[in-house]
Amino acid sequence: MTDGEFDVLILGAGSGGYACALRAAQLGLSVGLVEKGNLGGTCLHVGCIPTKALLHAAEVADLARESSTYGVTATLEGIDMAGVNSYKDKVVARLFKGLTGLIKGRGITVIEGEGRMTGPHQVTVAPTGSADEATYAGKHLVLASGSYSRSLPGLDIDGERVLTSEHAIRLERVPASVVVLGGGVIGCEFASVWASFGSEVTIVEALPRLLPPEDEASSQALERAFRKRRIQIRTSAPFQSAKVTDEGVAVIVEGGDVIEAELLLVAVGRGPSTDGLGYDEQGVAMERGFVLADERCRTNLDGVYAVGDIVPGLQLAHRGFQQGIFVAEDIAGLDPSPIDEAGIPRVTYSHPEVASVGLDEAAARAAYGDDAVETLTYDLGGNGKSQILQTQGFVKLVRQKDGPVVGVHLVGDRVGELIGEAQLIYNWEAYAEDVASHVHAHPTQNEALGEAHLALAGKPLHAHS
Ligand SMILES: Cc1cc2nc3c(=O)[nH]c(=O)nc-3n(C[C@H](O)[C@H](O)[C@H](O)COP(=O)(O)OP(=O)(O)OC[C@H]3O[C@@H](n4cnc5c(N)ncnc54)[C@H](O)[C@@H]3O)c2cc1C
């Protein structure tokens with residue numbers, strides 16, 4: 001006997017879990033959704049949404065500081081973090097309310113409490129604030145317990161001097177100086193926010209470049225732009241140790257250099273939240289804490305699926321959404337097509353932004369051979385709207401010679417908004433000639449995508465041949 005049985009039982013109500021719940025309910029399946037924290041998970045409460053609100057406040061600060069460029073008389077008098085946090089929290093609260101209503105409206109049973117897998121299709125939940133456990137069963141079980149901020153040996157995260165992104169999101173002051181450990185997406189976004197708010201920022205990255213998974217040209221452009229903004233960048237500088245002092249924190253990198261700052265943000269990646277959840281004991285195949293799932297998000301156990309950050313691959317909210325939808329449709333027998341991981345768009349929302357979809361140049365050359373790949377870079381200098389916005393960057397296209405576009409790489413303010421068109425181009429395996437015949441509104445930054453494809457199709461308009 002269990003305390004409840006569902007067609008689909010989901011452990012974790014973040015992007016992956018709640019998307020699965022919504023779609024499964026839409027398809028007429030009964031759904032139990034176990035959550036120990038807040039519906040919406042990392043993305044809504046401590047990830048995508050609050051960081052993008054901070055980045056928008058940072059953009060407003062930059063515009064105020066640089067207002068004379070546009071002939072507008074304004075001065076940046078300071079950053080009121082209480083005001084910034086209140087704006088950010090309102091955005092989150094509104095979306096949370098909407099999501100809660102949506103989940104209720106679809107008839108999904110939300111089970112509040114900490115769950116663990118206690119049978120092949122069974123989850124036992126310790127309800128928040130109660131000692132009585134309850135056990136639920138699902139014809140299908142979906143594991144969606146998400147991820148946590150990783151640290152490094154020798155680092156003591158105290159939430160005061162040494163922070164993770166969860167602490168940084170709630171910071172009530174603008175630090176005078178910060179060391180950001182890790183030059184990935186999260187590190188670069190926080191570095192960008194703090195530089196705009198007036199902090200002295202140093203990024204320490206073990207690998208030779210920022211945003212290592214991006215096309216090398218994008219990393220280089222971001223580094224140039226960050227240096228112009230006086231962000232210090234220490235690449236090829238593996239972390240050795242850190243010491244909290246009276247004034248702040250001293251970070252020592254390999255070679256012995258010491259970098260001192262008021263705060264240290266540890267942004268060295270996210271690990272899967274799977275420890276102690278019973279997955280191992282129930283025989284779920286795992287590797288380094290991640291749950292292994294095939295292209296249909298199926299684990300090795302019959303009827304047990306895994307979605308989101310616990311599955312190796314891109315740790316992005318929209319990947320989780322798509323996997324969640326996929327699983328619901330798979331369970332309902334709709335036979336959805338597997339998700340092409342390379343077709344998932346990636347955006348770093350710093351100033352400037354970096355966005356991409358498909359293969360970078362090096363990956364394309366490795367996949368198709370050096371002679372079978374062509375690239376074209378269109379400078380945003382030729383794009384009217386980018387000049388109006390006073391932003392620099394590029395559109396870089398990678399294509400198979402005489403074949404489709406296999407990668408789109410963008411750098412510049414607001415280019416994240418162009419990735420929607422870019423992902424259609426990649427996912428539909430469009431040829432440059434197909435895209436070139438489509439009209440792009442003028443003046444928009446979208447035109448830069450159009451112009452790049454015109455040039456790749458051999459008929460450049462606002463570009464030199
Ligand atoms: C600072 C930051 C910025 C980010 N920005 C972006 C961005 O701009 N765009 C983007 O696409 N992605 C971004 N991400 C990544 C994105 O947040 C994650 O990829 C996404 O949240 C993963 O969804 P998920 O469902 O796998 O896990 P999560 O969102 O982590 O959800 C897992 C849920 O499971 C619950 N849970 C865990 N264990 C249990 C248990 N035992 N019992 C009950 N409940 C449990 C947790 O409380 C949580 O609510 C960002 C992440 C961070 C940290």
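This passage describes some backbone features of a predicted model, namely its cis peptide bonds and its positive phi angles.

As a helpful backdrop, most peptide bonds are trans, and most residues other than glycine have a negative phi. The residues below are departures from that pattern.

Consider first the cis peptide bonds. One of them links H351 to P352, with an omega of about 5°. P352 sits in a loop, with strand 20 (346-348) on one side and strand 21 (353-358) on the other. Another cis peptide bond links H442 to P443, and here omega is about -10°. P443 also belongs to a loop, in this case the one that runs between helix 12 (432-436) and helix 13 (446-456).

Attention now turns to phi. D402, which is not a glycine, has a positive phi near 55°. Its place is the loop that connects strand 23 (394-400) with strand 24 (405-412). D402 is classed as exposed because it has 8 C-beta neighbours inside 10 Å, and the cut-off for that class is 12 or fewer.

E429 is likewise a residue other than glycine with a positive phi, here about 50°. The loop that holds E429 lies between helix 11 (419-427) and helix 12. For E429 the count is 14 C-beta neighbours inside 10 Å, so this residue is partly exposed. Helix 12 (432-436) thus comes up in the description of two loops: the one with E429 precedes helix 12, and the one with P443 follows helix 12.

Note on methods: Residues numbered from 1 in each chain as written. Predicted model: local features only at pLDDT ≥ 70, side-chain atom pairs only at ≥ 80, totals over all residues. Helix = DSSP H or I, 4+ residues; strand = E, 2+ residues; numbered from the N terminus. Buried ≥ 20, exposed ≤ 12 C-beta atoms within 10 Å, placed from the backbone.
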